[in-house]
Amino acid sequence: MSPGGSSRGRLPGTRPAGTHDEAGASREVRDMFSRIAPRYDLLNHLLSMRFDVMWRKRLASRFAPILERPEARILDLCCGTGDLALVLANSPRCRVDSEPLCLVGADFAHPMLVRADEKARRNRGRPIKFVEADALSLPFADARFDLVATAFGFRNLANYAEGLRELRRVLKAGGSVAILEFAEPRGALFRHGFDFYFHRVLPAIGAVISGNASAYTYLPNSVARFPAPGELLKLMEESGYSGVAFESWTGGIVTLHTGHA
């Protein structure tokens, strides 16, 4: 498939089963992640075989020049239980003497933020401030952040184009955006094994451990419906970002999209 092509067709945003509009999709996603919050970290690391830890560290390494600036303001969007924020806070290049409001995590699922805050209190790296907020309507001033990063959360937005515009609004001129997301691998053999694991094994394990079968059925379905890498790149360009690029990691299981406001 060419970088600009896709067999899926443009979707405004995620649509969990039983939802038909943005308000319903947003409400269902928030409720779903609130329900699975107690087992979220365990399942993330177990189901990804801890590759998720490596992926977040790799993202942080891409933006080391920003992290080492004490005045830089950084937002972890759709932060969940704060794993990416903590990786950014503990980057070897990160200045730990920065103010808490220089590194912010935002999510609209309150139970996730409770766990993120508990983890951050035990952390000795750069201080983090967690804020309950909707990614489509952020409570931040225009041109606030030097970097907005999101790991495995952008896919859950009810409107991708609106989300990109909101991210761009809160970025300073020339600021960077980083979107780390799951993708479907391209190679036929690898994709066959990935599909079996993602659509059969993962939902079964997730249902047993979390007690919520629908959440781990939603995960592979949402990845299958998410814009292909080239399509998301095009949407970023249409939303006004410059220098847009993406790279595929771990056989195409995940992609990192980057750009500048």
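This is a short dialogue on reading cysteines, open and closed spaces, and a surface patch in a predicted model.

User: How many disulfides does this structure have, and what should I look at to decide?

Analyst: The general idea is to look at the distance between cysteine sulfur atoms, since a disulfide is a pair within 2.5 Å. In this predicted model the count comes to zero disulfides.

User: Why is there no bond at the sulfur of Cys78?

Analyst: The closest cysteine sulfur to that of Cys78 belongs to Cys79, and because the two are 8.2 Å apart, they are too far for a bond. Starting from Cys79 leads back to Cys78, again at 8.2 Å.

User: Are these two cysteines buried or exposed?

Analyst: Here one reads the relative accessibility, and a residue under 20% counts as buried. Cys78 has 17% relative accessibility and so counts as buried, and Cys79, at 8%, counts as buried too.

User: How many cavities are there, and which residues are closest to the centre of the largest one?

Analyst: A cavity is a space where a probe fits but cannot get out. The structure holds two cavities of 30 Å³ or more, and the largest cavity has about 340 Å³ of space. Its lining is made of 30 residues, and those closest to the centre are Cys78, Cys79, Asp107, Gly153 and Asn156, so that the two cysteines discussed above appear again in this list. Among the elements that supply at least two residues each to this lining are helix H5 (83–89) and the strands S1 (74–77) and S2 (103–107), while the largest share, three residues, comes from H1.

User: What is the volume of the largest pocket, and what lines it?

Analyst: A pocket, unlike a cavity, is an open set of points. The largest pocket contains about 510 Å³ of space. It is lined by 29 residues, of which Leu47, Ser48, Phe182, Phe198 and Leu202 are the closest to its centre. Two or more lining residues come from each of helix H1 (22–36), H2, helix H3 (51–62), helix H8 (188–210) and helix H9 (213–225), and H8 gives the most, with six residues.

User: Which residues make the nonpolar surface patch?

Analyst: To find such a patch, one looks for nonpolar side chains with over 30% relative accessible area. In this structure Leu42, Leu46 and Ile205 make a nonpolar patch of about 230 Å². Leu42 belongs to helix H2, which covers residues 40–47, and because its relative accessibility is 43%, Leu42 counts as partly exposed.

Notes: Residues are numbered from 1 along each chain as its sequence is written. This is a predicted model: local features need pLDDT of at least 70, side-chain atom pairs count only at pLDDT 80 or more; totals for chains, interfaces and linings use all residues. Side-chain values use heavy atoms; hydrogens and water are left out. Patches are made of residues with over 30% relative accessible area and no salt bridge: like charges are joined within 9 Å, nonpolar side chains (Val, Leu, Ile, Met, Phe, Trp, Tyr) within 5 Å. Accessible areas come from the Shrake-Rupley method with a 1.4 Å probe; for residues, only the protein chains shown count as cover. A salt bridge is a side-chain nitrogen of Lys or Arg within 4 Å of a carboxyl oxygen of Asp or Glu. Helices (H or I, at least four residues) and strands (E, at least two) are DSSP runs, numbered from the N terminus. Buried means under 20% relative accessible area, exposed over 50%, partly exposed in between (1.4 Å probe, protein chains only). On a 1 Å grid over the protein atoms alone, a cavity is a set of points where a 1.4 Å probe fits but cannot get out, and a pocket is an open set with protein on both sides within 12 Å along at least five of seven lines; lining residues have an atom within 4 Å of a point. Grid points are joined across faces, edges and corners, and a volume is the space filled by probe spheres set on the points.
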